[in-house]
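Let's take a friendly walk through a protein together. Keep the sequence and the 3D view side by side, and find each part as we come to it.

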Amino acid sequence: MTKNKNKKTFKDYMWILSVTYLALGFFNILFAWLGLLCFSIPLIISLTGHGKAYCNTYCGRGQMLDLMGNKLKLSKNRDIPKFLRSKWFRYGFLTFFMTMFVVMLFNTYLVFNGTNGLKEVVKLIWTFKVPWAWTNTSMVTPWVAQFAFGFYSMMLTSTILGIVTMLLYKPRSWCVYCPMGTMTQLISKAKYKANSNTSCSSCNSYSN
Ligand code: SF4
């Protein structure tokens, strides 16, 4: 009997986790804390010598963009502009993203020490403040909720950027400048300079 090579496994359904995560934030912002897993797991995988296994196999967002672009045919499927692929843009965007992350942590600290009050807003593209007060945060201390608002803002913002680049260019064009992808790429390069097999096949071909 021949084995069905197209048989799906749980790894093919990671996109459901990404969609569920985004949806949960609409009901209760505190679920945003779960996003720390998306932040730490790729780094742990790379640091423990598994290169870009997260990008290649487990990233729900990458799969989600792939499905939207290829299965739902939402992508224009054009090549991404050269400047978005350039090192200066990718490292510049990573630096900007991490700076915004630190600012978000500082804002959380200001709420923690009582300097600022809790701001129940989600900030999109680091600019547009969307009121998000319907989620009940009264069961936690304000800084815990503030972190959730800040982190969810980052996750939603990066999803929007991912979807916009998916619509305009190839489905996984976001992967070209995704900060997590850039960081795991840097770690992989540093750890396995001599090993050419550590690149992310899904992310570096940009052909999906
Ligand atoms: S580059 Fe980013 S979005 Fe793409 S697969 Fe890797 S972690 Fe996921």
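**Finding your way around**

Start with the overall inventory: the secondary structure of this protein comes to ten helices and two strands. Keep in mind as you look that this is a predicted model. Trace the chain from the N terminus and the elements run α-α-α-α-α-α-β-β-α-α-α-α. Of the 208 residues in the protein, 43% are buried. Now consider the contacts with a separation of 6 or more: residues 24 or more positions apart account for 79% of them.

Let's pause at helix 4, which covers residues 60–71. Here is a little check you can follow yourself. At 1.5 Å a residue, its twelve residues should span 16 Å, and the C-alpha atoms at its ends are 15 Å apart, so the expected span and the model agree. Which residues of helix 4 are buried? They are Gly60, Arg61, Gly62, Gln63, Met64, Leu65, Met68 and Gly69. The cover over these buried residues includes helix 1 (14–27), helix 3 (53–58), helix 7 (142–168) and helix 8 (174–177).

Just beyond, lysine 73 follows helix 4 and sits in the loop that leads to helix 5 (82–85). The phi of lysine 73 is near 55°, a positive value in a residue other than glycine. Is lysine 73 buried or exposed? Its relative accessibility is 67%, and the cut-off for exposed is over 50%, so lysine 73 counts as exposed.

Next, move along to the two strands. Strand 1 (121–124) and strand 2 (128–131) pair in the antiparallel sense, over four bridges. One of the residues to look for is lysine 123, whose bridge partner in strand 2 is lysine 129. Together the strands form a hairpin with three residues between them. In that turn you will find isoleucine 125, which has a positive phi of about 50° although it is not a glycine. Isoleucine 125 has a relative accessible area of 28%, so it is partly exposed.

After strand 2 comes a loop leading to helix 7, and threonine 135 has its place there. With a relative accessible area of 2%, threonine 135 falls under the 20% cut-off and is therefore buried. What surrounds threonine 135? Leaving aside its neighbours within four places in sequence, threonine 135 is in contact with Gly25, Phe26, Phe27, Asn28, Ile29, Glu120 and Phe149. A polar atom of the threonine 135 side chain also lies 3.4 Å from the backbone oxygen of tryptophan 132.

Finally, switch on the aromatic side chains. The count of aromatic pairs comes to 25. In one of these, the rings of tryptophan 174 and tyrosine 177 have centres 4.9 Å apart and planes at 75°; planes over 60 degrees apart count as edge-to-face, so that is what this pair is. Both residues lie in helix 8, three residues apart, about one turn of the helix, and both are buried. Elsewhere, ring pairs link Trp33, Phe39, Phe101, Phe106, Tyr109, Phe112, Trp143, Phe147 and Phe151 into a cluster. One last ring to find is that of tyrosine 91: the charged end of arginine 90 sits over it, 5.6 Å from its centre.

Definitions and conventions. Residues numbered from 1 in each chain as written. Predicted model: local features only at pLDDT ≥ 70, side-chain atom pairs only at ≥ 80, totals over all residues. Heavy atoms only, no water. Expected span 1.5 Å × (residues − 1). Buried < 20%, exposed > 50% of the residue type's maximum accessible area, 1.4 Å probe, protein only. Contact = heavy atoms within 4.5 Å. Phe/Tyr/Trp six-rings, centres within 6.5 Å; stacked < 30°, edge-to-face > 60°. Lys NZ or Arg CZ within 6 Å of the ring centre and 35° of its normal. Polar contact = N/O pair within 3.5 Å; in protein donor to acceptor, adjacent residues only side chain to side chain. Pairing = 2+ DSSP bridges.
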